[in-house]
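Here are some exercises to work through with the structure open beside you. Try each task before reading its solution.

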Amino acid sequence: MIFSSDIDYDETNNLSLQQADQENSAGFQFFEQAQYDQALEAFQRALNLYEDELGTAQPRTLSAADHVAAALHRTGQYGRAQEQYLGVLTQKGKTFGETHPETAATCANLGNLYDELGDYDKALDLYHTALSIYERTSGPDSAEFAKVLDNLAVVFQNMGNFHGALEYARRACGIFDRTCGPEHPETALAYQNLASVYTATADYPEAIVWLQKALRIREEALGAEHPDTAATYDSIASVHDCMGEHKMALALYNKALAIRERLLGRENLGTAATYGNIAIVHYNMGDYAASLEWYDKSLYVHELLLGSDHPGTAQVYNNIGMVYEKLRRYEKALEWYGKAMDSYERSAHCAPGDLGDTLCNVADIHYLTGGHDLALSWYAKALAAYTEAENKNGLYYIHQQMAQLYKKKKDPSAAAEHLQMAVEIANSRT
């Protein structure tokens, strides 16, 4: 998240502005500790005071409005966050101009939101706008420019374009190394994002190298008891889990969990994320009872904080369905997948790739149970969702599955068509 810069004013005799500044500072502290609900409340109080004293178009007010949008985003209130960002972006264009760094900051933040929602085209447009502004104003060796490169790397990774993701992530790391230094937390974040690309391409040794660098920086700069440090433990644990080193993964996840529970409490989305990660390890180990127990913990927090009609909650429903599918309790699995799909449909903002995952899971069950026609119809729905999301991994899998099904149905022409599509997607990912 790129926060707007603050503008200095002579406000020694204005108690309301002093109070607004205090609320703003408190919001930053809550935000840094991943206590986003409290951050939102503090930022909103600051914004109200700035609006009363300075008006809605004044730079200090716009900075606070940006912070409110960021907190709304982090608390999962995507619709409100989008509305807030768009309002701020419009007003910043009028106050600062369309090519000002403040305008670029909001472009980048709104791009982050669209990326999370799976609207990659909008995210890319906003990132390129921000990149162009920063190149002209801050320069191509600035930290602001590098942050946007990092954001572009994340989008390309989410789209399955790993070559592009690596290119942008490496460029960002090089700039942060030169601009901020190799011991700076921003550099650590860039290292972690680069490691994420290596993890996605199954280059696990390289991912570990960069994550260890990020961990060392964060432990020294932020301390061992910090949410960002816990996030790095989570990332390292994920790589070990991918490598089949499940005991090591669990040890690291438990280390991250201890930090998050102490700092953030059990009823926190960051803590819930670690609950879900531990559930994944148990799932990969074949300990499905333990996996369900941890998913139950995660689900409780998601429903408590986000409600049942939220994409984050829907993902937990989907994951629980996957556990029941492994247990061959297919009716129970379909029940949970149905809850996930209902949640996605009721949600104001659903990433099509996430919906595609659930549609694909339903198709897989019908394939496994011999319902080939049903499987094909569900795969077709998943194919549409993955196409909208530009999810190459998902598209590759669907075409492979449909090719096999058409082969079973003795339709060699359709089978060959889907197999050729799978080959073309595989070639485009290299």
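**Exercise 1: Helix H7**

Task: compare the span of helix H7 with the span expected at 1.5 Å a residue.

Solution. Start with the ends: helix H7 runs over residues 143-158, which makes 16 residues. From its first C-alpha to its last, H7 reaches 23 Å. At 1.5 Å a residue the expected value is 22 Å, so the two are close. Bear in mind that this is a predicted model.

**Exercise 2: The surroundings of H7**

Task: decide how far H7 is enclosed by the rest of the structure, and find what covers its buried residues.

Solution. First apply the cut-off: a residue is buried when its relative accessible area is under 20%. Next, list the residues of H7 that pass: Ala143, Phe145, Ala146, Val148, Leu149, Asp150, Asn151, Leu152, Ala153, Val155, Phe156 and Gln157. That is 12 of the 16 residues, so H7 is largely enclosed by the rest of the structure. Then look at the cover, which includes H5, H6, helix H8 (162-179) and helix H9 (185-200). Finally, step just past the end of H7, where glycine 160 takes a positive phi of about 85°.

**Exercise 3: The pair H5 and H6**

Task: describe how helix H5 (residues 101-116) and helix H6 (residues 120-137) pack.

Solution. Two packed helices are described by the angle between their axes and the distance between the axes. For H5 and H6 the angle is about 155° and the axes are 8 Å apart. Angles over 145 degrees count as roughly antiparallel, and H5 and H6 are therefore roughly antiparallel to each other. Their crossing is left-handed. On the H5 side the contact residues include Ala104, Ala108 and Tyr114, and on the H6 side they include Ala123, Leu126 and Ile133. Sorted by type, the contact residues of H5 with H6 are 14 nonpolar, 4 polar and 2 charged.

**Exercise 4: Two positive phi values**

Task: where does arginine 328 lie, and where does glutamate 390 lie? Are they buried or exposed?

Solution. Most residues other than glycine have a negative phi. Arginine 328 has a positive phi near 65° without being a glycine. The loop that holds arginine 328 is between helix H15 (311-326) and helix H16 (330-346). With a relative accessible area of 67%, arginine 328 is exposed.

Now turn to glutamate 390, whose phi is positive at about 55°. Glutamate 390 sits in the loop between helix H18 (372-389) and helix H19 (392-408). At a relative accessible area of 27%, glutamate 390 is partly exposed.

Technical notes: Residues numbered from 1 in each chain as written. Predicted model: local features only at pLDDT ≥ 70, side-chain atom pairs only at ≥ 80, totals over all residues. Heavy atoms only, no water. Axes fitted to C-alpha atoms, helices over the stretch in contact; angles between N-to-C directions. Helix = DSSP H or I, 4+ residues; strand = E, 2+ residues; numbered from the N terminus. Parallel < 35°, antiparallel > 145°, perpendicular 65-115°, else oblique. Left-handed = near helix turned anticlockwise from the far one by under 90°. Contact = heavy atoms within 4.5 Å. Nonpolar A, V, L, I, M, F, W, Y, C, P; charged D, E, K, R; others polar. Buried < 20%, exposed > 50% of the residue type's maximum accessible area, 1.4 Å probe, protein only.
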